[in-house]
Amino acid sequence: PKPLAGRIALVTGAASGIGKAIATRLAAEGSCVVIADLDLEKAQAAAAELGGTDVAVGIQANVTDEAQVQAAVDAALLAFGGLDIVINNAGLSLSKSLLETTVADWDLQHNVMAKGSFLVSRAAARVLIDQKLGGDIVYISSKNSVFAGPNNIAYSATKADQAHQVRLLAAELGEYGVKVNGINPDGVVRGSGIFAGGWGAKRAAVYGVPEEELGKYYAQRTLLKREVLPENVANAVFVLCASDLSHTTGLHIPVDAGVAAA
Ligand code: NAD
């Protein structure tokens, strides 16, 4: 059998980029997946690509909305009869300096990533505890949760919030067999809506490279001289959820080709 046969996953922000790659990998390994995203059309298209309603359903859910988050968890129960793997991936980056950041910017970043992942983890944890089957919660945090970079204060602060949620929930849910871990990607340019939607242009201007060269620019400053792709983040999710890492919780895995270690 496939390593994740019969497992049921909820991936937020999975209509695009890293989330879509994670949903695709989990489905390829045998999981059924709920693709929850702000963008219904793209969520449904992503689910259809994975093979239709036996394997994946696409739903609209804004992670900042308690009722919509509950509906996303309920969708896993209704469509597939349970929940085993929860991926807090939904996110955005406004990429602004301290002086540019408005209160509305601050609130949006924190609502989507800090409050959003809290709401998802809480709704999911109720089910995971009740099922008594353990499970995995994975936060797609960021290298920026630990390392300072310019022009990204609200984003980085909320990623640090997510990193601490990982530690706190690992402590609180461990006795139920629920592992809680994080992944710290960096420089995933290709396929990322965040990069395509303005962050890429701003970063390219900061580094003085053409936007279409940004992936290569990030690659050359890594230890491995490799560009990080959405699939590389999905590989780390697979390792956390499907491998023999049964005794690992509260950890953050960098997926940055070595930037954080440099
Ligand atoms: P992306 O824009 O391709 O994907 C983000 C998805 O989240 C989109 O489909 C978007 O519609 C969805 N989303 C945004 N707000 C939402 C909300 N309120 N409710 C539900 N869905 C919402 O970007 P990506 O690069 O794939 O980013 C995915 C995650 O990875 C984010 O949390 C991001 O911070 C993190 N990350 C990305 C990088 C990178 O280099 N791309 C690096 C570190 C961390």
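**Exercise 1.** What radius of gyration would a compact globule with 262 residues have, and what does the protein have?

*Solution.* Keep in mind that this is a predicted model. Start with the rule: for 262 residues, a compact globule should come out near 18 Å. Now look at the protein, which has 17 Å, so the two agree. For the outline, the C-alpha trace spans about 50 × 40 × 35 Å along its principal axes. Inside that outline you'll find 8 helices and 7 strands.

**Exercise 2.** Work out whether Gly 197 is buried, partly exposed or exposed.

*Solution.* First, find the residue: Gly 197 sits in helix H6, which covers residues 193–207. Next, count its neighbours: 13 other C-beta atoms lie within 10 Å. Then check the cut-offs: buried takes 20 or more, and exposed means 12 or fewer. With its count of 13, Gly 197 is therefore partly exposed. For the protein as a whole, 48% of the 262 residues count as buried.

**Exercise 3.** Find where the ligand lies relative to domain 1 and domain 2.

*Solution.* Begin with the shell of 30 residues around the ligand; Gly 13, Gly 17, Gly 91, Ser 192 and Gly 193 come nearest. Sort the shell by type and you get 13 nonpolar, 14 polar and 3 charged residues. Then look at the helices: H1 (17–28), H4 (103–131) and H6 each supply at least two shell residues. Finally, bring in the domains. Domain 1 (8–186 + 229–254) and domain 2 (192–227) both give residues to the shell, so the ligand lies between them.

Conventions
Residues are numbered from 1 along each chain as its sequence is written. This is a predicted model: local features need pLDDT of at least 70, side-chain atom pairs count only at pLDDT 80 or more; totals for chains, interfaces and linings use all residues. Helices (H or I, at least four residues) and strands (E, at least two) are DSSP runs, numbered from the N terminus. The radius of gyration is taken over C-alpha atoms; the globule rule is 2.2 Å times the number of residues to the power 0.38. A residue is near a molecule or strand if its C-beta atom, placed from the backbone, lies within 6 Å of it. Ala, Val, Leu, Ile, Met, Phe, Trp, Tyr, Cys and Pro count as nonpolar, Asp, Glu, Lys and Arg as charged, and the others, Gly among them, as polar. Domain bounds come from an automatic or database domain assignment.
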